[in-house]
Amino acid sequence: MMGLEQKDWPLMFELTNKVLGSGDPEYQTDIPEAERGTGAAARLTAMTGFATMFAYFRERLEERRANPRENDLITLLLESEIDGEKLSEGDLLAFCFLLIVAGNETTRNAISGGLQVLCEHPEEKAKLLKDMSLLDSAIEEILRWVSPVHHMARTVTADVEIRGKTLKAGDRLIMWYPSVNRDEEMFVDPYRFDITRTPNDHLAFGIGEHFCLGSGFAKKELKVMFQELFRRFPDIDLAGPPERLRSNFINGVKHLPVKFTPER
Ligand code: HEM
């Protein structure tokens, strides 16, 4: 979507792992092994990831300024104006960074988390394989169950009372999506994974003004992925315990061992 060369995709994977998985020793590769796992190692890893990513996108911005492209998101951002003013270099870099991080870490962990939960619930997986028209509602349930983003934060702008608790202007507040997506007042039997759940008003994509810009695109990605995966490897199953990402922001699966019969 961002028109990056395919040879750079592994770099984007490495850098998004560093930024969003900075607390996980596996991605603290610039730190001597004995010092990994500390808060300082996490901060340094995130900073290295940020700095390398920003330097990378600064070069892409230069390239596009010299040679604007048709139907290209980065060129579009460069040419965009808000109230007659072009975006600043900082805004442009932040936007590229946001799109790469938001579009990558979330969908791939929804896919691996979705495959994991389907394999852990063989009766639901069998139901889906028998009737792939259930895929749309299965994807909503995967999003509710996995909640790939753990939380977003807000700052309260005016005093308000919510369910007997007073929040003061300036208070910081964290919205925990896995919790809200298991709210027993909203979801019948919330700890049951049910690919036919209706209604399913989960908040995996957030709520309000900052509702996920890529939600439609993300659902499409998940749909194509599961359609193809189950068409080609219908007997795919777990072959060992998943290794989870150490993070309180992304509900990540780092390694998901699977077994399947290869295509003929
Ligand atoms: C399963 C996949 C995804 C999940 C679970 C997810 C989740 C979220 C959440 C929870 C927010 C809300 C942020 C807030 O309230 O502060 C958000 C915002 C956002 N998402 Fe996603 N996202 C996904 C996929 C994508 C994709 C594929 C893209 C882009 C291609 C994307 C781009 C964005 C952007 C740009 C925002 C910021 C919107 C704003 O601040 O106005 N997301 N996403």
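In the predicted model, a polar side-chain atom of His 210 is placed 2.6 Å from an oxygen atom of the ligand. A comparable arrangement involves Arg 154, for which a polar side-chain atom lies 2.7 Å from an oxygen atom of the ligand. The backbone also takes part: a backbone N or O atom of Ala 102 is found 3.5 Å from a nitrogen atom of the ligand. The iron atom of the ligand has Cys 212 as its only protein donor, through SG, at 2.3 Å. Cys 212 is located in the loop between α7 and α8.

The shell around the ligand comprises 22 residues, of which Ala 102, Thr 106, Arg 154, His 210 and Cys 212 come nearest. By class, 14 of the shell residues are nonpolar, six are polar and two are charged. At least two residues of the shell are supplied by each of α4 (89–120), β3 (151–155) and α8. The largest share, six residues, is contributed by α4.

The loop that carries Cys 212, between α7 and α8, also holds Asn 181; the loop is bounded by α7 (177–180) and α8 (215–232). Asn 181 has a relative accessible area of 1% and is therefore classed as buried, the cut-off being under 20%. Leaving aside residues up to four places away in sequence, Asn 181 touches Leu 143, Arg 144, Ser 147, Phe 187, His 202, Leu 203 and Ala 204.

The packing of nonpolar residues was examined next. In soluble globular proteins, nonpolar side chains tend to be buried together. The largest nonpolar core of the model contains 27 residues, among which Leu 118, Leu 128 and Phe 226 touch the most other members. Two or more residues of this core are given by each of the elements α4, α6 (135–146) and α8. Its largest share, seven residues, comes from α6. For Phe 226, the contacts beyond four places in sequence are with Ile 111, Gly 114, Leu 115, Leu 118, Met 132, Leu 135 and Ile 142. A second core, separate from the one just described, consists of 24 residues, including Leu 61, Leu 78, Ile 100 and Ile 250.

Two of the helices recur in both parts of this description. α4 and α8 each supply at least two residues of the ligand shell, and each also gives two or more residues to the largest nonpolar core.

Methods
Residues are numbered from 1 along each chain as its sequence is written. This is a predicted model: local features need pLDDT of at least 70, side-chain atom pairs count only at pLDDT 80 or more; totals for chains, interfaces and linings use all residues. Side-chain values use heavy atoms; hydrogens and water are left out. Helices (H or I, at least four residues) and strands (E, at least two) are DSSP runs, numbered from the N terminus. Buried means under 20% relative accessible area, exposed over 50%, partly exposed in between (1.4 Å probe, protein chains only). Contact means heavy atoms within 4.5 Å. Donors are N, O and S atoms within 2.8 Å of the metal (3.2 Å for Na, K and Ca); water is not among the atoms, so sites may look incomplete. A residue is near a molecule or strand if one of its heavy atoms lies within 4 Å of it. A polar contact is a pair of N or O atoms within 3.5 Å; within protein, one must be able to donate a hydrogen and the other to accept it, and residues adjacent in sequence count only if both atoms are side-chain atoms. Ala, Val, Leu, Ile, Met, Phe, Trp, Tyr, Cys and Pro count as nonpolar, Asp, Glu, Lys and Arg as charged, and the others, Gly among them, as polar. A nonpolar core is a set of buried Ala, Val, Leu, Ile, Met, Phe, Trp, Tyr and Cys residues joined through side-chain atoms within 4.5 Å.
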